[in-house]
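Biologist: I should like a close look at a single part of this model, the central sheet, for a first-year student. Where does it sit in the chain, and what packs around it?

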Amino acid sequence: VEAPAGAILAQWDRVLDLVPVREVHTEGATDANVEDLVACCDLRNLRELFVQSTGPLESEQFLTDRALVALAECPALSELDCLSVQWVGLTDHGADAVLRSPYLAHLREFQLGRAVYFAHSSEAERRLRDRFGNWSF
């Protein structure tokens, strides 16, 4: 499924009735959209999740640790293979949430792209790179 975050949230149950959803690619997401997605949508069959905020325009919001924590705390994502989060700000709190999550323990790929800022320590970056490799940023 590929659609803006609001459309995915609005149509999730209807789409899920038609086909099993294994991949979701959504753009224009906010922290609140990500929280709603993990709280309201049945994501148990998901294997790949791509979430991108609204982009680099000054008036638009970027994803923050709030979105990363919501994803990390979602039991339904325990079978997820690949997580990609774009236009995000990362701090140690977000990095720790991903690294310590029992639900994301099976991730083979974790990608952070187009980061707005990295306000994390070099230790957090080292741990992310050790776990996911150099291509994770």
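Modeller: Let us begin with one residue, Thr26, which is found in strand S2, the strand formed by residues 23–27. Please bear in mind that the model is predicted. Thr26 has a relative accessibility of 5% and therefore counts as buried. If neighbours within four places in sequence are left aside, the contacts of Thr26 are Ala3, Pro4, Ala5, Ile8, Phe50, Val51 and Gln52. One of these residues, Val51, is 25 residues from Thr26 along the chain, yet the C-alpha atoms of the two are separated by 5.2 Å.

The strand of Thr26 belongs to a wider arrangement. Five strands form an open sheet, in the order S1-S2-S3-S4-S6, and their pairing is parallel. At the edges of this sheet stand strand S1 (2–4) and S6, each of which pairs on one side only. From one strand to the next, the twist averages 10°.

It helps to place the sheet within the chain. The protein chain has five helices and seven strands. Along the sequence, these elements follow the pattern β-α-β-α-β-α-β-β-α-β-β-α. Among the contacts in the protein chain with a separation of 6 or more, 75% are accounted for by residues 24 or more positions apart. Of the 137 residues of the protein chain, 44% count as buried.

Within the sheet, strand S4 (82–86) deserves particular attention. Five of the five residues of S4 are buried, so this strand is largely enclosed by the rest of the structure. In a regular strand, the side chains alternate between the two faces of the sheet. In S4, Cys82, Ser84 and Gln86 point one way, while Leu83 and Val85 point the other way, and all of them are buried.

The two pairings of S4 can be followed residue by residue. With S3, it pairs in the parallel sense over five bridges. Phe50 has Ser84 of S4 as its bridge partner, and Val51 stands opposite Val85 in S4. Val51 thus appears twice in this account: it is in contact with Thr26, and it stands opposite Val85. With S6, strand S4 runs parallel and is joined by five bridges. Here the bridge partner of Gln86 is Gly113 in S6.

Next comes a helix that packs against several of these strands. Seven of the eight residues of helix H3 (residues 65–72) are buried, so H3 is largely enclosed by the rest of the structure. The buried residues are Asp65, Ala67, Leu68, Val69, Ala70, Leu71 and Ala72. They pack against strand S3 (48–52), strand S4 (82–86), strand S5 (89–91) and strand S6 (109–113), as well as against helix H2 (31–40) and helix H4 (92–100).

One of these neighbours, H2, can be described further. Two packed helices are described by the angle between their axes and the distance between the axes. The axes of H2 and H3 come within 8 Å and cross at roughly 10°. An angle under 35 degrees counts as roughly parallel, and therefore H2 is roughly parallel to H3. On the H2 side, the contact is made by Asp31, Ala32, Val34, Glu35 and Val38, and on the H3 side by Arg66, Ala67, Ala70 and Leu71. By class, the contact of H2 with H3 has six nonpolar, no polar and three charged residues.

Finally, the structure holds two aromatic pairs. Phe62 and Trp87 form a tilted pair, with 6.1 Å from centre to centre and 40° between the planes. Phe62 lies in the loop between S3 and H3 and Trp87 in the loop between S4 and S5, 25 residues apart, and the pair thereby links distant parts of the chain. Phe62 is partly exposed, with a relative accessible area of 25%, whereas Trp87 is buried, with a relative accessible area of 17%. The rings of Phe110 and Phe132 have their centres 5.2 Å apart and their planes at 50°, so this pair is also tilted. Phe110 lies in edge strand S6. Phe132 lies in helix H5 (residues 122–132), so the pair ties together parts that are 22 residues apart in sequence. Both residues count as buried, Phe110 at 2% relative accessibility and Phe132 at 4%.

Notes. Residues are numbered from 1 along each chain as its sequence is written. This is a predicted model: local features need pLDDT of at least 70, side-chain atom pairs count only at pLDDT 80 or more; totals for chains, interfaces and linings use all residues. Side-chain values use heavy atoms; hydrogens and water are left out. Buried means under 20% relative accessible area, exposed over 50%, partly exposed in between (1.4 Å probe, protein chains only). Helices (H or I, at least four residues) and strands (E, at least two) are DSSP runs, numbered from the N terminus. Contact means heavy atoms within 4.5 Å. Axes are lines fitted to C-alpha atoms, for helices over the stretch in contact, and angles run from 0 to 180 degrees between N-to-C directions. Angles under 35 degrees count as roughly parallel, over 145 as roughly antiparallel, 65 to 115 as roughly perpendicular and the rest as oblique. Ala, Val, Leu, Ile, Met, Phe, Trp, Tyr, Cys and Pro count as nonpolar, Asp, Glu, Lys and Arg as charged, and the others, Gly among them, as polar. Two strands pair if DSSP finds at least two bridges between them. Rings of Phe, Tyr and Trp (its six-membered ring) pair if their centres lie within 6.5 Å; planes under 30 degrees apart count as stacked, over 60 as edge-to-face and the rest as tilted.
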